[in-house]
There are 2 protein chains.
Amino acid sequence: MARRLDMQAAGFETAFAELLSLKRESSPEVGETVRGIIADVQARGDQALLELTEKFDGYRPASLRLSADEIDELAAKANPEAVAALARAADRIRAYHALQTPQNERWEDEEGVVLGWRWTPLDAVGLYVPGGLASYPSSVLMNAVPAKVAGVERLVMVVPTPKGEANPLVFAAAKIAGVTEIYRVGGAQAVAALAYGTDSIVPVDKIVGPGNAWVAAAKREVFGQVGIDSIAGPSEILVVADGENNPDWIAADLLSQAEHDPSSQSVLITDDAAFAGRVTASIEAMIGKSPRTKITRAAWDDNSAIILVPSLEEGMPLVNRLAPEHLELAVEDPELLLPLVRHAGAIFLGRYTPEAVGDYVAGPDHVLPTARAARFSSGLSTLDFLKRTSLIACTKEAVRAIGPDAATLADEEGLWAHGESVRRRLEDEPH
Amino acid sequence: MARRLDMQAAGFETAFAELLSLKRESSPEVGETVRGIIADVQARGDQALLELTEKFDGYRPASLRLSADEIDELAAKANPEAVAALARAADRIRAYHALQTPQNERWEDEEGVVLGWRWTPLDAVGLYVPGGLASYPSSVLMNAVPAKVAGVERLVMVVPTPKGEANPLVFAAAKIAGVTEIYRVGGAQAVAALAYGTDSIVPVDKIVGPGNAWVAAAKREVFGQVGIDSIAGPSEILVVADGENNPDWIAADLLSQAEHDPSSQSVLITDDAAFAGRVTASIEAMIGKSPRTKITRAAWDDNSAIILVPSLEEGMPLVNRLAPEHLELAVEDPELLLPLVRHAGAIFLGRYTPEAVGDYVAGPDHVLPTARAARFSSGLSTLDFLKRTSLIACTKEAVRAIGPDAATLADEEGLWAHGESVRRRLEDEPH
């Protein structure tokens with residue numbers, strides 16, 4: 001059973017603070033091992049990749065890169081209905097992310113200075129895809145489609161295939177998303193290869209995609225050499241619901257994040273104690289039907305909560321303190337609560353919007369900030385695969401207008417040559 | 001003397017690769033010390049801050065926070081001309097960053113799904129300002145103004161004041177930029193206080209601003225608890241210039257980055273060997289006049305280069321491989337070269353645009369990606385102080401249109417409750 005909190009009960013603040021500071025994830029200390037693997041890949045390249053793959057994945061592939069025929073063959077084994085659903089999902093994800101593409105701008109200001117910026121795509125992006133259970137075809141789309149929309153030309157997927165086994169739908173997703181190269185390698189060694197390159201793998205500029213503790217540690221290590229996405233923690237859902245909801249719907253929503261991982265967290269905020277009871281009963285009736293009962297049970301019992309509030313409006317400050325990855329506003333008119341939300345990765349509005357549509361088909365990205373990071377960061381988007389260059393152009397007149405202040409400030413900061421570079425242009429001829 | 005490379009000479013590729021991989025920065029290994037300091041501040045709060053300030057800054061302040069009167073008193077000591085220049089610079093920086101403010105969007109698609117996103121500012125941002133020589137008032141503006149433009153309400157500055165000494169213009173800049181709180185504390189302890197809070201300092205959501213190796217290491221450590229900006233490396237300039245430039249102007253531009261730090265890098269790409277010679281002569285004539293001759297000399301001799309290319313167009317791939325922080329296109333028509341640039345932090349167009357105007361008064365941010373990070377990242381902007389929340393709203397009809405694909409994919413991924421949360425809405429009533 002999830003913990004029960006009552007905002008009006010004594011000791012609520014302590015109990016809520018405890019919920020906020022729950023240390024749900026304990027990462028093993030793998031830094032040393034990971035640094036060793038990265039150094040090995042830097043030194044020995046493909047040879048290291050093959051040996052490490054033999055060691056960790058239990059077989060030695062004939063080649064690291066999958067040929068187009070191999071990819072086609074694997075993708076062809078996927079359930080055709082699922083492939084069709086993926087293709088439709090990709091269309092919706094593409095359409096949403098295309099609208100995120102920012103504009104280039106240029107203008108001339110009152111002093112005659114031409115200013116602006118220009119967005120350009122990254123040249124090459126690496127996409128890490130986990131093997132085994134955590135290998136989600138939907139995540140291939142959610143990471144790869146925004147990169148393609150941004151205009152990234154090289155999109156390089158790495159995926160471990162333990163004992164040579166692979167999830168066909170992952171390869172179907174890679175084809176749909178427009179991945180340009182796939183390598184059968186995983187772990188810290190795959191991250192190292194993407195960052196520094198080997199004879200087989202030309203290095204990329206940024207690495208995205210989820211992974212285990214070794215992959216996460218490797219991404220931290222290579223950050224700077226390449227860009228990385230944020231480090232994703234276990235999934236979370238916060239449902240704000242009045243008493244007029246179907247308790248089975250809300251129960252299923254809460255369980256849908258609890259089933260991800262024993263470290264996941266589901267929270268219900270409601271102003272109706274009887275409804276809270278009905279949801280609890282529904283969860284207990286439902287949880288045994290899941291093929292992932294044990295995981296779901298652990299997440300629900302250990303990390304989750306039902307919070308009773310005097311009114312949903314009064315509960316909204318709790319929403320902002322939790323800053324959830326996923327927020328459902330399951331009420332008749334969610335627009336009344338929406339302005340009160342400051343921090344959330346994605347908001348699902350109204351009774352008919354289960355969080356799961358956002359995981360697969362709605363269009364927005366399902367890679368979202370976890371562990372309260374929605375206070376300061378956003379989900380993955382087209383912007384993550386573009387970078388912005390500032391543009392500045394002065395004429396003779398413009399530098400005369402704005403230059404003297406620059407020289408004054410440079411002198412004040414003790415930077416003589418800065419000032420000199422301006423003064424010369426105020427005094428001398430350009431040729 | 002900077003190294004000379006000729007794109008058409010034998011061995012060029014090796015020499016250029018060596019330039020690219022120059023390890024200009026050697027960070028001391030401070031991780032252990034920094035982790036100790038952070039743990040101490042977490043455990044003992046203000047007491048730790050006071051003791052560490054006494055230890056590192058050589059005095060024990062009566063209070064950590066500066067009162068409004070203290071700030072006014074300090075700011076009043078600044079050179080009035082410089083304060084006026086700063087105020088005008090702030091206006092220009094504000095105007096540029098205001099145009100970066102992104103739009104909220106909402107639309108309904110063909111399936112009746114309402115989609116969109118909403119941008120909201122961070123609640124609170126911490127701004128690290130170094131003490132001593134590296135304390136640049138211009139950097140206070142460049143970090144604080146975008147946060148204020150984004151709508152951040154709490155803007156908390158920390159600045160060490162060794163032996164109680166402070167740079168008045170930094171406090172004037174803080175007032176101009178709209179900083180809301182200032183604390184006299186620096187180093188890893190200041191970063192820890194901003195991330196975790198103490199009795200005196202309420203924690204923030206993101207920490208920005210430059211600092212030494214201890215500050216950088218502390219930011220890495222607290223990342224996740226709060227957001228951080230990118231870790232800035234030593235400054236760089238790349239000037240692409242034809243033979244028609246005034247060599248003194250280009251020499252001053254190259255020296256203006258070399259004077260920052262012995263690890264800085266200045267590179268000239270030109271198609272005119274005689275012009276390269278004139279620039280070299282001008283640099284040698286100029287370098288002794290700088291009050292920072294020793295720093296400038298080290299950066300120019302050890303890290304810098306003049307590269308002769310057969311034509312400027314043919315040199316542009318080298319520009320993209322260098323992916324410089326600052327790029328000047330000092331030619332008659334920079335628009336001809338501009339489309340060939342893919343990677344640069346900021347581009348300065350034409351003969352009359354010295355990089356230094358961008359450092360102070362042009363308007364774009366001077367916090368820019370260094371060490372080839374322009375391949376995958378952008379300068380600081382208003383966007384760094386906002387986060388985007390996805391919005392999704394389905395009606396009964398909309399979830400019927402897109403829900404079945406979500407259920408198919410959830411089943412395929414073994415996530416039963418995900419599918420169930422959709423199926424219930426296709427089958428049951430909402431109340």
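These exercises walk through a predicted model of two protein chains, A and B.

The model is predicted, so local features need pLDDT of at least 70 and side-chain atom pairs count only at pLDDT 80 or more, while totals for chains, interfaces and linings use all residues. Residues are numbered from 1 along each chain as its sequence is written, chains are lettered from A and ligands numbered from 1 in the order in which they are written, and side-chain values use heavy atoms, with hydrogens and water left out.

**Exercise 1. Describe the overall build of chain A.**

Step 1. Take the secondary structure. Chain A has 16 helices and 14 strands. Helices (H or I, at least four residues) and strands (E, at least two) are DSSP runs, numbered from the N terminus.

Step 2. Take the extent. The C-alpha trace of chain A spans about 85 × 60 × 40 Å along its principal axes.

Step 3. Take burial. Of the 431 residues of chain A, 60% count as buried. Buried means under 20% relative accessible area, exposed over 50%, and partly exposed in between (1.4 Å probe, protein chains only).

Step 4. Take contacts, meaning heavy atoms within 4.5 Å. Among contacts in chain A between residues at least 6 apart in sequence, 74% join residues at least 24 apart.

**Exercise 2. Relate chain B to chain A and describe their interface.**

Step 1. Superpose the copies by least squares on the C-alpha atoms of residues with pLDDT of at least 70 in both. A rotation of 180° with 0.0 Å of shift along its axis places chain B on chain A, with an RMSD of 0.0 Å. This is the relation of a two-fold axis. The same surface serves both copies, as 100% of the contact residues of chain B recur in chain A.

Step 2. Count the residues. Chain B gives 126 residues to the contact and chain A gives 126 residues.

Step 3. Take the area. About 11,000 Å² is buried between chain B and chain A, and carbon and sulfur atoms give 57% of this. Buried area is the accessible area (1.4 Å probe) that two parts lose on being put together, summed over both. On the chain B side, B:Tyr352, B:Phe376 and B:Arg425 lose the most area to chain A, together 8% of what that side buries.

Step 4. Look for charge pairs. There are 14 salt bridges between chain B and chain A. A salt bridge is a side-chain nitrogen of Lys or Arg within 4 Å of a carboxyl oxygen of Asp or Glu. A:Arg88 forms a salt bridge with B:Asp405, with the closest N and O atoms 2.7 Å apart.

**Exercise 3. Explain why helix α7 of chain A is described as largely enclosed.**

Step 1. Count its buried residues. In α7 (residues 168-177), 7 of the 10 residues are buried, so the helix is largely enclosed by the rest of the structure.

Step 2. Name some of them. They include A:Leu169, A:Val170 and A:Phe171.

Step 3. Find the packing partners. In chain A, the buried residues of α7 pack against α4, α5, α6, β5 and β6. From chain B, α15 (396-412) joins them.

**Exercise 4. Place the annotated active-site residues.**

Step 1. Read the record. The unreviewed UniProt entry gives "active site" for A:Glu325 and A:His326. UniProt positions are given in the numbering used here, feature names are shortened, and annotations may be inferred rather than shown by experiment.

Step 2. Place A:Glu325. This residue is in the loop between α13 (312-322) and β12 (326-330). A:Glu325 is buried, at 5% relative accessible area.

Step 3. Place A:His326. This residue lies in strand β12. A:His326 is buried too, at 2%. Beyond four places in sequence, A:His326 touches residues including A:Gln257 and A:Asp359.

**Exercise 5. Find which chain B residues touch the annotated binding-site residues A:His260 and A:Asp359.**

Step 1. Read the record. The unreviewed UniProt entry gives "binding site" for A:Gln257, A:His260, A:Asp359 and A:His418. They are spread over 162 residues of sequence and, in space, up to 55.2 Å between C-alpha atoms.

Step 2. Check A:His260. This residue is in the loop between α10 (247-258) and β10 (265-270). A:His260 is partly exposed, at 22% relative accessible area. Its contacts include B:Leu415 and B:His418.

Step 3. Check A:Asp359. This residue lies in helix α14. A:Asp359 is buried, at 7%. Among its contacts are A:Gln257, A:His326 and B:His418.
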